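Work through the following exercises with the sequence and the model side by side, and try each task before reading its solution.

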Amino acid sequence: MSTLEFRDAIRDAIAEELERDPAVVFFGEDVAVAGGVFKVTPGLLQRFGPERVFDTPISELALAGMAYGAALTGLRPVFEVMFGDFMALAMDSLVNQAAKFWYISGEQGSVPLVVRSAVGGGGRFGAVHSQTHGTWFQGIPGLKIVFPSSPAEAKGLLKASIRDDNPVIFLEHKRLYSVKGPAPGQEGIIPLGGAGIPRAGEDLTIVSVGKGVPDSLGAAETLAGEGISAEVIDLRTLRPLDLQTALEFVSRTNRLLAVEEGPRTGGWATGLL
């Protein structure tokens, strides 16, 4: 079985969608010439040219506003906010404009944009480069929030996000970029809104998303050595949140452990407990 690195999965998904759909454009801070601060997008500028892949000034609000306008004119912009901590600077264009347009247009217009960001703690990036901002947006109707846990999911979910007609916030845990895993199939699209079940079990249900999934799988393996059978549910998306699958599985085990990286209050796990 062929393997794929997480960062390469992201690059391949963007490249394949740029190739498939001439309406897709990709831009952000240092994503073109330098190939991204985490070296996720090298080669895209050379392959697709500066009209479809280009660098921008360091202004997250300008990036979001440009993406919103581009989406309204028929493009499918994918842009990168280098660190998710700075998504607060793009809030107005995303929350008050992109997320609302379908409603205020009388369901006549859509805003198909994707904003990618590196998130999560670890790696000595400091307090303002280590947050996970997905839950900041969970209460906003009109937005979708995606958080892959493996290379195959990163590629499949990002391709689905780019094809979606809604604005999508796509979270990439920086500690996963160098992780390798099985490559997806030729198409490999993973529909948004459905959880995955990477491990079955009978005694305990562990629910997580992003890097929490491989961490949970490691914990389940340790528990197996102690005679405890733990299943792991990968939510994949925080909005829509697949509560039905989580409740269905926990109804059998009657034990739920939600693994979330973030503050104790205001997180997605409170919706399960």
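**Exercise 1.** Leaving aside neighbours within four places in sequence, find which residues I169 is in contact with.

*Solution.* Take contact to mean heavy atoms within 4.5 Å. With neighbours within four places in sequence set aside, the partners of I169 are M87, V115, H133, F137, L143, K144, I145 and V146. The model is predicted, so local features need pLDDT of at least 70 and side-chain atom pairs count only at pLDDT 80 or more, while totals for chains, interfaces and linings use all residues. Residues are numbered from 1 along each chain as its sequence is written, and side-chain values use heavy atoms, with hydrogens and water left out.

**Exercise 2.** Place I169 in the largest nonpolar core and state which element gives the most to this core.

*Solution.* A nonpolar core is a set of buried (under 20% relative accessible area, 1.4 Å probe, protein chains only) Ala, Val, Leu, Ile, Met, Phe, Trp, Tyr and Cys residues joined through side-chain atoms within 4.5 Å. The largest has 37 residues, and I169 is listed with F79, L94, F137 and W268 as having the most contacts inside it. Helix α3 (60–72) gives the most, with 5 residues. A second, separate core of 35 residues includes A9, I14, V40 and M82.

**Exercise 3.** Determine the strand order of the open sheet that has 4 strands.

*Solution.* Helices (H or I, at least four residues) and strands (E, at least two) are DSSP runs numbered from the N terminus, and two strands pair if DSSP finds at least two bridges between them. The order is β9-β11-β10-β13, with mixed pairing. At the edges lie β9 (196–199) and β13 (256–258), each pairing on one side only.

Terms used. Buried means under 20% relative accessible area, exposed over 50%, partly exposed in between (1.4 Å probe, protein chains only).
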